[in-house]
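The following exercises are intended for a reader who is new to this structure. Each consists of a task and a worked solution.

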Amino acid sequence: MGEVCAVAAFRSRQQVMNFEAALRRAQVKARVISTPRDVAIGCGLSVEFAIEDLPKARQVLNATRPVNLIGIYQIDRRGGARPRLTALSR
């Protein structure tokens with residue numbers, strides 16, 4: 001993914017897999033990644049997708065209503081320093 005992306009973190013690995021599959025069905029490029037350490041809670045896996053696809057990802061979340069969502073975060077990897085993590089929603 002790009003230098004700025006979004007991740008959805010969950011408490012359940014099953015929810016991670018379900019959300020990633022739902023995004024793909026909605027034509028959103030997504031991949032399962034290790035949860036960023038700044039989130040530091042949950043099952044250890046998250047779903048990463050392009051920040052431009054956030055509106056579509058929110059539509060998928062509204063349709064699927066996962067109960068184990070920790071939150072959606074923006075990861076900014078620009079600048080060569082440690083990536084910056086910003087909460088977008090919880």
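The exercises below treat confidence, one helix, the cores and several individual residues.

The structure is a predicted model, in which local features need pLDDT of at least 70 and side-chain atom pairs count only at pLDDT 80 or more, while totals for chains, interfaces and linings use all residues. Residues are numbered from 1 along each chain as its sequence is written, and side-chain values use heavy atoms, with hydrogens and water left out.

**Exercise 1. Confidence**

Task: State the average pLDDT of the chain, and identify where confidence is lowest and where it is highest.

Solution: Begin with the scale: pLDDT is the predictor's confidence in each residue, from 0 to 100. The chain has an average of 88, and 94% of the residues score at least 70. Next, turn to the elements; helices (H or I, at least four residues) and strands (E, at least two) are DSSP runs, numbered from the N terminus. Confidence is lowest in strand β5, residues 84-89, with a mean of 82, and highest in α1, with 95. As a reading rule, where pLDDT is low, the predicted coordinates should not be read in detail.

**Exercise 2. The length and the sides of α1**

Task: Compare the expected span of α1 with the distance between its end C-alpha atoms, and determine which residues of α1 are buried.

Solution: The expected span of a helix is 1.5 Å times one less than its number of residues. For the 13 residues of α1 this gives 18 Å, and the end C-alpha atoms are 19 Å apart, which agrees.

Now consider burial: buried means under 20% relative accessible area, exposed over 50%, and partly exposed in between (1.4 Å probe, protein chains only). In α1, the buried residues are Gln15, Val16, Phe19, Glu20, Ala22 and Leu23. They lie on the same side of α1 because they cover an arc of only 160° around the axis, the arc being that of the directions from the helix axis to the C-beta atoms. Gln14 and Arg25, on the other side of α1, are exposed.

Finally, the buried residues of α1 pack against β1, β2 (30-34), β3 (45-50) and α2 (54-64).

**Exercise 3. The two ends of α1**

Task: Describe serine 12, at the start of α1, and glutamine 27, which follows α1.

Solution: Serine 12 lies in the loop between β1 (4-10) and α1 (13-25). Its relative accessible area is 18%, so serine 12 is buried. Apart from neighbours within four places in sequence, serine 12 is in contact (heavy atoms within 4.5 Å) with Cys43 and Asn68. A side-chain oxygen of serine 12 comes within 3.2 Å of the backbone nitrogen of glutamine 14.

Glutamine 27 is in the loop between α1 and β2. Its phi is near 70°, a positive value in a residue other than glycine. With a relative accessible area of 69%, glutamine 27 is exposed.

**Exercise 4. The nonpolar cores**

Task: Which residues have the most contacts inside the largest nonpolar core, and which elements give two or more residues to this core?

Solution: A nonpolar core is a set of buried Ala, Val, Leu, Ile, Met, Phe, Trp, Tyr and Cys residues joined through side-chain atoms within 4.5 Å. The largest one has 20 residues, and Phe10, Phe19, Leu23, Val47 and Phe49 have the most contacts inside it. The elements giving two or more residues to this core are β1, α1, β3 and α2. A second, separate core has eight residues, including Cys5, Ala9, Ile33 and Ile70.

Phenylalanine 19 can then be examined individually. When neighbours within four places in sequence are left aside, its contacts are Ala8, Phe10, Val47, Phe49, Ala57, Val60 and Leu61.

**Exercise 5. Glutamate 48**

Task: Is glutamate 48 buried or exposed, and with which side chains does glutamate 48 make polar contacts?

Solution: Glutamate 48 is in strand β3. Since its relative accessible area is 0%, glutamate 48 is buried. A polar contact is a pair of N or O atoms within 3.5 Å; within protein, one must be able to donate a hydrogen and the other to accept it, and residues adjacent in sequence count only if both atoms are side-chain atoms. The side chain of glutamate 48 makes such a contact with that of arginine 31, at 2.6 Å. A polar contact of 2.9 Å also joins the side chains of glutamate 48 and arginine 77.
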